[in-house]
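Please take a look at the two-chain model below. Some questions and answers go with it.

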Amino acid sequence: MMVNGIYHIARSLNSKIKSIDVLANNLANINSTGFKKQIPFQEYLNKNDEINVKQTTDYGQGEVILSANPLDIAISGDGYFLLKTDNGTELTRNGKFHISDNGFLVNGNGNKVLGNNGVISFGDLMETDNPSITISKTGEIKIGDTNVDSLAVVNLENPQDAIRTSNSNFVVPNDNYTPASPQNFEIVQGYLEESNVNPILEMQNMIETNKDYESAYKIMRYLDQTMEKSSQIGKVY
Amino acid sequence: MSTRALRTAASGLYAQQLNVEVISNNIANVNTTGFKKNKAEFQDLMYQEVQVNPTQASDAAAQSTPSAKIQVGNGVQSSSTQKIFKQGDVVASGNQLDMAIQGDGLFQVRKSDGTIVYTRDGSFKVNSEGKLVTSGGYLLEPEISLTDNVQSISISRDGSVDVLENDGRTSTLGTIELAKFMNPSGLVALGNNLYAETESSGVPILGTAGSKGFGEINQGFLESSNVDIVEEMVAMITAQRAYEINSKTVKTVEEMMTMANNLKT
């Protein structure tokens, strides 16, 4: 009997639901700073004919928008900020930083931002006469005329290995990242990088997924009806 | 059936609702003297590893491979609302006790309990004792007291207050000092246009207007709200459309669930 066909269809229904989960998450994060959208996963056969799934992140640049806050920092070009968390380091494009109660440069979750010389601390510099913060295009932080540190900007070695955590952050296994070369990025102070989700593309994707689901649903119902018919062959009335 | 997509969309709806609340507060304060607009910030929630289950039992080998896992997000949350200390327009008011700061800095105000708070609202009045106070009745710090026989007041750009008395003599009553913060967005808004320092704003740096990066004081002017109606309308349209698109997710998932329920006739 055509049980095999029904399995294929069930699989298709299942994967479409998971695609919708991914699309829903992209759309929910349409206003999240530094968010990188996910592309719904694909299944493929590897060279041993085993089924694998692949999930990719679109690392494209989001729009860089003026926020007029001196501690909002965006990276134009390639690169990630480095954050120190309880579990090691995380990478992010979300440059929404502020100064913590004890004078460290931190992100929204209180994780310290790393510079080339470790965590960035303003400490006593906050009480100087000219406390304006300037950040150069290469990431050098100055308070007044005093140099504090330079923001650490790194590149992913294998972008497909990066694991997502919250707050638009990524964890890289084995800290597999390298310092970014300064000609590939520019730090812009007072700007934030918006989410790179394009609502039109997501809607298109969602309609497609919905219709694919509908087709699979119809096929399943036909298969069900066919099997019902076949079970009636030879039935004595 | 998984309801993750539904919950994700609900978190998106909730975030956009908060966004509209912040925008509507900005618009409501479009004429509030010295008001600094807020901006809501959002961040994505934790991700979860989901197994893409091969439906056939014979694919058990594929099930156990790590590559059969994908990361699916759980939606969005608001991370903070932030004050944006951008200069508002300076508008002539013709009142000699009105002051606007053009540039960085805040006026210091002493509350009734003795604590010092900060404001950009320079619409000062004279109280019954002849002292300069805010509209809320809090004393300007350092105190400026006027006497009965004052004919006119002139406040210079560096904040020194000179008066012309009835008998034609001039005298200096004092100097208005400004306070500046390293991280003004770390200030906590108290309402009534007042801000208080926090540890993240840093300690106030006091100074004379017009020097060392402090703004200048303009007498007879007021700083209007820095809310730009066009900008807020654009933000509102964006928020509304983002709300709408999340509701479309809800609808799509609902349709798919209906289909799943109808698989068996």
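The questions below run from the overall form of chain A to the contact between the chains and then to the strands.

Q: What radius of gyration does chain A have?
A: This is a predicted model, so the value is computed from predicted coordinates. A compact globule of 237 residues would come out near 18 Å. The C-alpha atoms of chain A instead fill a box of roughly 100 × 35 × 35 Å along the principal axes. The radius of gyration of chain A is 25 Å.

Q: How many helices and strands does chain A have, and what share of its residues is buried?
A: The secondary structure of chain A comes to two helices and 19 strands. Among its contacts with a separation of 6 or more, 62% join residues 24 or more positions apart. Of the 237 residues in chain A, the buried share is 40%.

Q: Which element gives the most to the side of chain A that touches chain B?
A: The interface brings 59 residues of chain A into contact with 61 residues of chain B. On the chain A side, α1, β2 (51-57), β7 (97-99), β15 (163-164) and α2 (199-230) each supply at least two residues. By class, that side divides into 26 nonpolar, 22 polar and 11 charged residues. With 14 residues, the top contributor is α1(A).

Q: Are α1(A) and α1(B) roughly parallel or antiparallel?
A: Helix α1 of chain A spans residues 3-28, and helix α1 of chain B spans residues 4-28. Their axes lie 8 Å apart, at an angle of about 5°. Angles under 35 degrees count as roughly parallel. The two helices are therefore roughly parallel.

Q: Which residues of α1(B) meet α1(A), and what classes make up the contact?
A: From α1(A) come A:Ile20, A:Asp21, A:Ala24, A:Asn25, A:Leu27 and A:Ala28. From α1(B) come B:Arg4, B:Ala5, B:Thr8, B:Ala9, B:Ser11 and B:Gly12. By class, this contact holds six nonpolar, four polar and two charged residues.

Q: Which strands stand at the edges of the open sheet β12-β13-β14 in chain B?
A: Three strands form this sheet, and the pairing is antiparallel. Neighbouring strands are turned by 25° against each other on average, direction ignored. Two strands have a single partner each, so one side of each is left without a neighbour in the sheet. Those edge strands are β12 (150-155) and β14 (170-175).

Q: Which residue stands opposite B:Ser152?
A: Strand β12(B) runs antiparallel to β13(B), residues 160-165. Five bridges join the two. Opposite B:Ser152, in β13(B), stands B:Leu164.

Q: Which residue takes a positive phi in the hairpin of β11(A) and β12(A)?
A: Strand β11(A) covers residues 133-135 and β12(A) covers residues 140-143. Three bridges join these antiparallel strands, and A:Thr134 has A:Lys142 as its bridge partner. Four residues lie between the strands of the hairpin. The one with a positive phi, near 100°, is A:Gly139.

Q: What phi does A:Gly144 take in the hairpin of β12(A) and β13(A)?
A: Four bridges join β12(A) to β13(A), residues 146-150, and the strands run antiparallel. A:Ile143 stands opposite A:Thr146. Two residues lie between the strands of this hairpin. The phi of A:Gly144 is positive, near 60°.

Definitions and conventions: Residues numbered from 1 in each chain as written. Chains lettered and ligands numbered in written order. Predicted model: local features only at pLDDT ≥ 70, side-chain atom pairs only at ≥ 80, totals over all residues. Axes fitted to C-alpha atoms, helices over the stretch in contact; angles between N-to-C directions. Parallel < 35°, antiparallel > 145°, perpendicular 65-115°, else oblique. Contact = placed C-beta atoms within 7 Å. Nonpolar A, V, L, I, M, F, W, Y, C, P; charged D, E, K, R; others polar. Pairing = 2+ DSSP bridges. Rg over C-alpha atoms; globule rule 2.2 N^0.38 Å. Buried ≥ 20, exposed ≤ 12 C-beta atoms within 10 Å, placed from the backbone.
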